[in-house]
Amino acid sequence: MLNFFKKYWNGDIELWKSYWVFAFPINFILCSISNIIFLFFALPSIFPFVINIIFNIFFFVGCWRSSNKYEKINFFPIFVKTTIVISSIYQLYLYLRLIF
């Protein structure tokens, strides 16, 4: 299991797998859970957001490094990096809105 995390962090997992199988669905699930806890249960706990940030850093770094190693179609690495940047900016906006 630790070998998987090391391979993912280093970008040694195939790009399509690191993005579509791991990063995208897990990020969606974590963001959804955080939003449900915050909006519907009125629990302004920072804990779900901290967990979300930690996982996002891990998944975003792994996808970014994997896209640097991708050698097939040029569109896919650009797409992945663009979604990482947009998602990071949007999540930063949400966290700042939560704090202020």
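A polar contact is a pair of N or O atoms within 3.5 Å; within protein, one atom must be able to donate a hydrogen and the other to accept it, and residues adjacent in sequence count only if both atoms are side-chain atoms. One such pair is formed by the backbone oxygen of Ile13 and a polar atom of the side chain of Ser66, which lie 2.8 Å apart. The structure is a predicted model, in which local features need pLDDT of at least 70 and side-chain atom pairs count only at pLDDT 80 or more, while totals for chains, interfaces and linings use all residues. Residues are numbered from 1 along each chain as its sequence is written, and side-chain values use heavy atoms, with hydrogens and water left out.

The predictor's confidence in each residue is expressed as pLDDT, on a scale from 0 to 100. The mean pLDDT of the chain is 84, and 94% of the residues reach 70 or more. Confidence is highest in helix H1 (residues 2-9), with a mean of 91, and lowest in helix H2 (residues 15-40), with a mean of 81.

The chain contains 4 helices and 0 strands; these elements are DSSP runs numbered from the N terminus, helices being H or I runs of at least four residues and strands E runs of at least two. Read from the N terminus, the order of elements is α-α-α-α. Along the principal axes, the C-alpha atoms fill a box of roughly 45 × 30 × 15 Å. The accessible surface of the chain is about 7000 Å², and carbon and sulfur atoms account for 75% of this area. Accessible areas come from the Shrake-Rupley method with a 1.4 Å probe, and for residues only the protein chains shown count as cover. Of the 100 residues, 29% count as buried, where buried means under 20% relative accessible area, exposed means over 50%, and partly exposed lies in between (1.4 Å probe, protein chains only). Two residues are in contact when heavy atoms lie within 4.5 Å. Among contacts between residues at least 6 apart in sequence, 69% join residues at least 24 apart.

Ser66 belongs to helix H3 (residues 47-69). Ser66 counts as buried because its relative accessibility is 3%. Apart from neighbours within four places in sequence, Ser66 is in contact with Gly11, Ile13, Glu14, Leu15 and Ser18. Asp12, located in the loop between H1 and H2, is 54 residues from Ser66 in sequence, yet their C-alpha atoms are 6.2 Å apart in space.

Side chains of opposite charge can pair when their charged atoms come close. A search of the whole structure finds 1 salt bridge, defined as a side-chain nitrogen of Lys or Arg within 4 Å of a carboxyl oxygen of Asp or Glu. Lys69 forms a salt bridge with Asp12, and their closest N and O atoms are 2.6 Å apart. The pair links distant parts of the chain, since Lys69 is in helix H3 and Asp12 in the loop between H1 and H2, 57 residues apart. Lys69 counts as partly exposed because its relative accessibility is 45%, and Asp12 is likewise partly exposed, at 43%. With neighbours within four places in sequence left aside, Asp12 is in contact with Lys7 and Lys69.

Helix H4 (residues 75-99) includes Tyr95, and Gln91 also has its place in helix H4. Tyr95 counts as buried because its relative accessibility is 12%; Gln91 counts as buried at 6%. Not counting residues up to four places away in sequence, Tyr95 touches Phe49, Asn52, Ile53 and Asn56. Under the same exclusion, Gln91 touches Asn27, Cys31 and Asn56. Tyr95 and Cys63 are 32 residues apart in sequence, and their C-alpha atoms are 22 Å apart in space.

On the surface, Trp16, Trp20, Val21 and Phe24 make a nonpolar patch of about 420 Å². Patches are made of residues with over 30% relative accessible area and no salt bridge, like charges being joined within 9 Å and nonpolar side chains (Val, Leu, Ile, Met, Phe, Trp, Tyr) within 5 Å. Val21, a residue of helix H2, counts as partly exposed because its relative accessible area is 39%.
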